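Got the viewer open and a selection box ready? Follow along, and at each stop we'll say what to pick and what is there.

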Amino acid sequence: MNIEIKAYIEQFDNDKMNVLMNIHNLIKHYFDEKDECIKYGIPTFCKEKNLIHYGGYKNHVGIYPGPRVIDAFKNELNAFKCTKGTIKMPWNLVDYKLIENITIYIINHRA
């Protein structure tokens, strides 16, 4: 894990830190270590361009896959507040399987 990402995750309390570590490890499975960095102040995975970001906030985890991905998954995102390129998942309702499916979609479509 990138030192900057480790420091980012370690700033949260234990429960939130565990959620962010789980998200990081889930997404990282589909990327090489050289593809991870901090951009816009949050963990990011990229291959030639930014593909997915995630970040922790007071009441939610933000997943940032971009507008094309939000549109592709719109039927699966009804439980979450979404904007053009953002999914807000309350800490206690993080859907790891959905994040994994989004990551696989991004890898396959370079969305």
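Start with Thr103. This is a predicted model, and in it Thr103 is buried, with a relative accessible area of 1%. The residue is found in helix H4. Now show what surrounds it: leaving out residues up to four places away in sequence, Thr103 touches Leu26, Ile27, Tyr30, Phe31 and Ile52.

**Next stop: helix H2**

Two of those contacts of Thr103, Leu26 and Ile27, are also among the buried residues of H2, so select residues 14-28 now. Helix H2 has 15 residues and spans 20 Å from first C-alpha to last, close to the 21 Å expected at 1.5 Å a residue. Before you colour by accessibility, which residues of H2 are buried? They are Lys16, Met17, Val19, Leu20, Ile23, His24, Leu26 and Ile27. If you're looking for a pattern in that numbering, an α-helix has 3.6 residues a turn, so residues three or four places apart point the same way.

What sits over those buried residues? The cover includes helix H1 (3-10), strand S1 (36-39), strand S2 (42-47), strand S3 (49-56), strand S4 (60-64) and helix H4 (96-109). Before leaving the helix, zoom in on its N-terminal end: Asp13 caps it, with a side-chain oxygen 3.2 Å from the backbone nitrogen of Asp15.

**Into the core**

Select Ile23, Ile27, Tyr54 and Ile63 together. The largest nonpolar core has 32 residues, and these four touch the most other members. At least two residues of this core come from each of H1, H2, S2, S3, S4, helix H3 (67-72), strand S6 (87-90) and H4. Which element supplies the largest share? That is H2, with six residues.

For a closer look, keep Ile23 and hide its neighbours within four places in sequence. Ile23 is then in contact with Tyr54, Val61, Ile63, Val94, Tyr96 and Ile99. As background, nonpolar side chains tend to be buried together in soluble globular proteins.

**Aromatic rings**

Switch to showing Phe, Tyr and Trp side chains. How many aromatic pairs does a search of the whole structure find? The search finds four. One to pick is Phe31 with Phe45, a tilted pair at 5.0 Å centre to centre with 40° between the planes. Phe31 lies in the loop between H2 and S1, and Phe45 in strand S2, so the pair ties together parts that are 14 residues apart in sequence. Both Phe31 and Phe45 are buried. Phe31 is also one of the residues that Thr103 touches, back at our opening stop. Then move over to Tyr8, Phe12 and Trp91, which ring pairs link into a cluster.

**Along S1, S2 and S3**

Now select S2, the strand that holds Phe45. Is S2 enclosed or open? Six of the six residues of S2 are buried, so the strand is largely enclosed by the rest of the structure.

Add S1 to the selection: S1 and S2 pair in the antiparallel sense over four bridges, and Ile38 has Pro43 as its bridge partner in S2. Add S3 as well: four bridges join S2 to S3, which run antiparallel, and Thr44 stands opposite His53 in S3.

The two turns deserve a click each:

- **Tyr40:** the hairpin of S1 and S2 has two residues between the strands, and Tyr40 takes a positive phi near 55° there. Tyr40 is not a glycine, and at 72% relative accessibility Tyr40 counts as exposed.
- **Glu48:** the hairpin of S2 and S3 has one residue between the strands, and Glu48 takes a positive phi near 65°. Glu48 is exposed too, with a relative accessible area of 79%.

**Last stop: S6**

Finish with strand S6 (87-90). Which of its side chains point to the buried face? Ile87 and Met89 point to one face and are buried, whereas Lys88 and Pro90 point to the other and are not.

Bring in the strands that pair with S6. S4 and S6 pair antiparallel over four bridges, with Gly62 partnered by Lys88. Strand S5 (residues 81-82) also pairs antiparallel with S6, over two bridges, and there Lys81 has Lys88 as its bridge partner. S5 and S6 form a hairpin with four residues between them.

Conventions: Residues are numbered from 1 along each chain as its sequence is written. This is a predicted model: local features need pLDDT of at least 70, side-chain atom pairs count only at pLDDT 80 or more; totals for chains, interfaces and linings use all residues. Side-chain values use heavy atoms; hydrogens and water are left out. The expected span of a helix is 1.5 Å times one less than its number of residues. Buried means under 20% relative accessible area, exposed over 50%, partly exposed in between (1.4 Å probe, protein chains only). Contact means heavy atoms within 4.5 Å. A polar contact is a pair of N or O atoms within 3.5 Å; within protein, one must be able to donate a hydrogen and the other to accept it, and residues adjacent in sequence count only if both atoms are side-chain atoms. Rings of Phe, Tyr and Trp (its six-membered ring) pair if their centres lie within 6.5 Å; planes under 30 degrees apart count as stacked, over 60 as edge-to-face and the rest as tilted. A nonpolar core is a set of buried Ala, Val, Leu, Ile, Met, Phe, Trp, Tyr and Cys residues joined through side-chain atoms within 4.5 Å. Two strands pair if DSSP finds at least two bridges between them.
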